[in-house]
Structure formats: structure tokens, C-alpha cells
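Got the model open in your viewer? Let's walk through it one selection at a time.

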Amino acid sequence: MKTLLHMQDLTKEYGKEKAVDSLTFSLLKNTSTALIGPNGAGKTTTLSMLAGLLKQSAGTIVFDGEITEDIQKVIGFLPQYPKFYSWLTALEFTEMAAKLSGVDAKIAKQEAEKTLEFVGLGDAKNKKTGTFSGGMKQRLGLAQAIVHKPSLLLLDEPVSALDPIGRREIMNLLKELQTTTTILYSTHILNDAEEMTDQLVFLRKGKLVEQGSMQEVREKYANPMYKIYFISTEEAAKFVEISPWPARQEDSIAFIHIEEEKPVMNEVLHVLAESHLSLLKVERATASLEEIFLQVVNNGE
Amino acid sequence: MVSNFSILFQKEWRENVRNFKILWIPLVFLLFGITEPLTNYYLPQILNAVGNMPEGTVFPFPEFTPEQIVMSTVSQYQFIGMLVITLGFAGIISRERKNGTATFLYVRPISYTSYVYSKLSIMCILVVGSVILGLLANLYYTNVLFGAVDVGAFVGFLGTYIVWLLFVVSIVLFTSAAFSTAIASIISLALVLFVQFIDALLGAYWTISPWKIPMYAGYVLNGSVDKKPFIWSLIITLLAIVLLIFGAVYFAKRNISKTKI
């Protein structure tokens, strides 16, 4: 698979502070990459540099040599909180976006209509953007970012401000786009990343701290464990006290981490039977995505 | 670049039509243009009717020449009109940066010269158009109530005054590109009104200054202009306009990073 973009030692400094510190990774054509990290990790700064809104302090951004036109023509950008000219209708706004991105004026309106239809705003195309709800604004933001069929789509927290239904709809749209467009998006929600990501890039304090596919990251960080559900918090606490293996407790659940396939389930069940504690369920599980996120971004803290 | 300009200008036009600036700015100048000759002409009757003056009070009212009425209107424009222009347009670039709408433009392959020119064009159309409309209405009433103004002198006066308006527009555009809306308003007001005031107070010591252009416009109307300082003032003002516009393009591009994302 061909590389669309490679960034090498990308750095952004504000005085002595480094918002992004020597970031190096590549984006392969027609794949999606999630930039993951807590607030202040440097996700928006990285996207802004790629979109041309910020100039890097050091490092290089190299696009595929086959792209000979203005780089900004092949980029679509959706900010976290897209703002629109409230006095324009969705169609006027999207058409203007298309024209400014180099779409032929003769077909710009047609392309804008098609794009608004695609993002589910076909019925609202003649409404002023000032009357739009948060979800509609996010869809319109996506429409202006894709109306010129960019090779690279940069999305800053595209779904974080949406309710679960809106989030699902936008993620479905992005999945459709993924087949023809390279997508780089930031998020702090790993569940979103799990749905449509080929590559995960974890950032902490501007630095890349982990990189790989979801499977690779899971294998590395999601240590297996037993989750034992008791009928009460007290019962779980009693088990943690008597457990022959290192254990921890969260409410009425006790966790035993499995190392080198030990302990086996039989041993756990035997100890539980001897303890005479009231349990509801025992299961073998792996760390949740949230736990992986915390492990990765807190590593080395 | 040309196509960029037409798209961006269409956006500016739509904005000013839909926020009614296209209506209220000309109305302000039209109102002052009309009221000045009317109030000066009917002042004795107005005072008589509503002035609550004691019986037998007599005010000697000066006889105004038509040129004085036109210049009296210009002095209104020089204060209220300039306030309207500076405060009405101080955020023309900076507001888009602050509210984040500029992000949508700056991530696209736009020419910053076209971007600034689209702003400049709409400002010129609104400001120059409004002033011409106001002064033509003023000329009509002055002509009817006080007598004719020499058309050639009026055209010369109007041309000179338009140079001053372009200077003001360029100041506002430059400050809006370089600073936040609040600072742009303060600096524009200081440069347009305060410096004008200083020039009027201490200006006897020099004859060449962009801030003397409105005064020279009046001399052109009276036919009493001293050509040498007038021409030099015009040249310096035109140079300042060019520099301010170049500066506006430079700062509009430089301040992209200040856009709210």
C-alpha cells in the first residue's frame, strides 16, 4: 500500500513549551488513522499543522509525490466545533466551499447538493446554518470537508460532541468514505477508534507513545484476567483479602490478572468454593478499551 | 486568484445584504446629507415653533453659501460618519478569526490578496457609495434652498474626499487584519478621529498630511486650494493607502494561527 503522507520529527513549540514533540509517522493511502490522547496531548495542533493552519517549528510533512497540485486542494478539514456563516444556507455554504477548493463552478452546486444528500442534510439544504442543531452542524462540517473529494480528510474529534445516535450516523458516513479517502482523526474515545481504524497513534504531552493496529495494541496491553462478580461489595473485599493471587476490587467485582496462563480457571473456582462467598458469575476477560487507553497514555508518568 | 476573488466577494456581498448593512449605512449618510441643508434653512422657523423663545427675541442668522452647507455636512460625516465606518467594519477580518469561521477559508487554497481585496471592495462600495449618495442628496437640497454649487468644483471636491474615505477604509482594514476587533476599533478611532483632532489643533505648523485631505476637499469646492501642498498630501495619502492594503494582506496571512479552531 502506498504512503500518502509522511511526517518526520514534526514539532510545534510555543515559547519553551512543546505542544507537539518530534512526531514521526506515516499515513497509508485509503486507510484511517486515529490520533488518540487526553486533552492537551497535541492532537489538534498536529491536525492544524497538517491542514496548514499552523506552521511547524521543526520537522517535515511530505505528501505523495504524485500530488502535484496545491496541497490544500487535496485536504478536507473538519474542526472540533465547526463554525459557519449563519446568514448562508447549507447549500450556499457547501457550494462556496467547493468552489474555493477548486471544484469547477459549473458543477459546484450539483456537487454540493450531492454531498448534502450524502450527509443527510438534503432536506435542510435551503435552511440558514444559523438555525442548525449541533448534529446538523457536524454533518455540514463534514459536507464542506468532503465536497471537493479530498485525498486526505482531517477530522478533529468528529463525534465527541454528538449524542449516541448522531455519533453512530457520523461513524457510518466515515466508514463509507474510508474506501476512497485517507482519514486522520483525533479522538479520546477508543470505542470510536475500534470501529474504523487501521492504525492507532497514541499521543501524550505532544509525544508519540504508542503506535499500531487495534489488534497489536490489544495484544500488547490487554492482559487477560478473571472477573468475579459477587453479590455485594463486602463479599468482593473478603475475596481480595483471602485470594492467593494478587487481586483488586471495583465495587462488587474482584479482578485477578493472569500471568503466563496462571492461575487456571479450576484453581480459581476451587478457592471460590472453599471461601463460601456468594458469587454471581466468573468470567475470563481482557482489559477494556478504556483501561488500555489509560495504560498507554499513563505509561511512564 | 480572480475566481477566488469573485467567490469571496459574493460572500461579502451576501453578508452585507443579509445583515442589512447595505441599507443602514447609506441611510445614515443620506440622513445627514438631507438634514444639514434642511435644518440650516428652516432653523428660524423651527426655533420659532418649538424653541420656547420669549416674545420679540431676534437671532441674527448668518447667510450660508451653498459651499458652506456642503462643508457643514462633511464635518458631520467627519465625526458621526467616521464613527460608523470604524465601528461598523473594525471586525471585518478579526471577527472571522475570533469566531472560528475563518478556519473554513484558511484551510483552502485561497489567495490572501483576493481575500483582503474582497473585504476592501465591499467596504469601498458601502462607504464610498453611501457618501456619494448622501452628498448628492445634500447637493440637491442645497441647490434648491441655498443656490447652485459649481458642478466642476463639486466633482473635484468629491474626488478628493473619496481619497480620504479610501484612506479611512484602508486604516480600518489594516487594523482589523493586524489586531483583535477591540484593539482594531481603538486604533482605528485614534488614527481617524484623534489624529484628525490633533491635526486640526496643531496643523498650522505643516501643510502636507493625509488628515488635511478633507480640509483640502473644502478648498477645492471653494476654488481656493493651494495646489502644491494639496498634491503632495494626495500623493502621500495614496501611498499610505497602498502600504496599508499591503500590510493588511501581510497580517491577514500572518495571523492565520490566531484563528479559533
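**Stop 1: two domains**

Begin by colouring chain A in two pieces: domain 1 covers 3-220 and domain 2 covers 223-285. The bounds come from an automatic or database domain assignment. Put a marker at each centre, taken over C-alpha atoms, and you'll find domain 1 and domain 2 of chain A separated by 44 Å.

Before going on, some housekeeping. This is a predicted model, where local features need pLDDT of at least 70 and side-chain atom pairs count only at pLDDT 80 or more, while totals for chains, interfaces and linings use all residues. Residues are numbered from 1 along each chain as its sequence is written, and chains are lettered from A and ligands numbered from 1 in the order in which they are written.

**Stop 2: the six-stranded sheet**

Select strands 5, 6, 7, 3, 8 and 9 of chain A: in that order they make an open sheet with mixed pairing. Helices (H or I, at least four residues) and strands (E, at least two) are DSSP runs, numbered from the N terminus. Two strands pair if DSSP finds at least two bridges between them.

Now the edges. Strand 5 (75-78) and strand 9 (207-212) of chain A each have a single partner strand, so one side of each lacks a neighbour in the sheet. From one strand to the next, the twist averages 15 degrees. Angles here run from 0 to 180 degrees between N-to-C directions, with axes being lines fitted to C-alpha atoms, for helices over the stretch in contact.

Zoom in on strand 8 (residues 199-204) of chain A, which runs antiparallel to strand 9 of chain A and is joined to it by five bridges. Pick A:L203 and you'll see A:L208 of strand 9 standing opposite.

Next, show helix 4 (residues 134-146) of chain A, which packs on this sheet and touches strand 5 and strand 6 (152-156). Contact means that C-beta atoms, placed from the backbone, lie within 7 Å. The direction of helix 4 makes about 165 degrees with that of strand 5 of chain A.

**Stop 3: a helix pair**

Select helix 2 (residues 90-100) and helix 3 (residues 105-118) of chain A, whose axes come within 8 Å and cross at roughly 125 degrees. How do they lie relative to each other? Helix 2 and helix 3 of chain A are oblique; angles under 35 degrees count as roughly parallel, over 145 as roughly antiparallel, 65 to 115 as roughly perpendicular and the rest as oblique.

Show side chains at the contact: A:A90, A:L91 and A:T94 are among those from helix 2 of chain A, with A:A105, A:A108 and A:K109 among those from helix 3 of chain A. By class, this contact has seven nonpolar, two polar and five charged residues. Ala, Val, Leu, Ile, Met, Phe, Trp, Tyr, Cys and Pro count as nonpolar, Asp, Glu, Lys and Arg as charged, and the others, Gly among them, as polar.

**Stop 4: the four-stranded sheet**

Select strands 11, 12, 10 and 13 of chain A, which form an open antiparallel sheet in that order. Strand 11 (247-250) and strand 13 (279-285) of chain A are the edge strands.

Four bridges join strand 11 to strand 12 (residues 253-257) of chain A; click A:R248 to find its bridge partner, A:F255. Add helix 8 (residues 233-242) of chain A, packed on the sheet against strand 10 (225-230), strand 11 and strand 12.

**Stop 5: across to chain B**

Finally, switch on chain B: 22 of its residues are in contact with 25 residues of chain A. Helix 1 of chain B gives the largest share of its side, six residues.

Technical notes: Contact = placed C-beta atoms within 7 Å.
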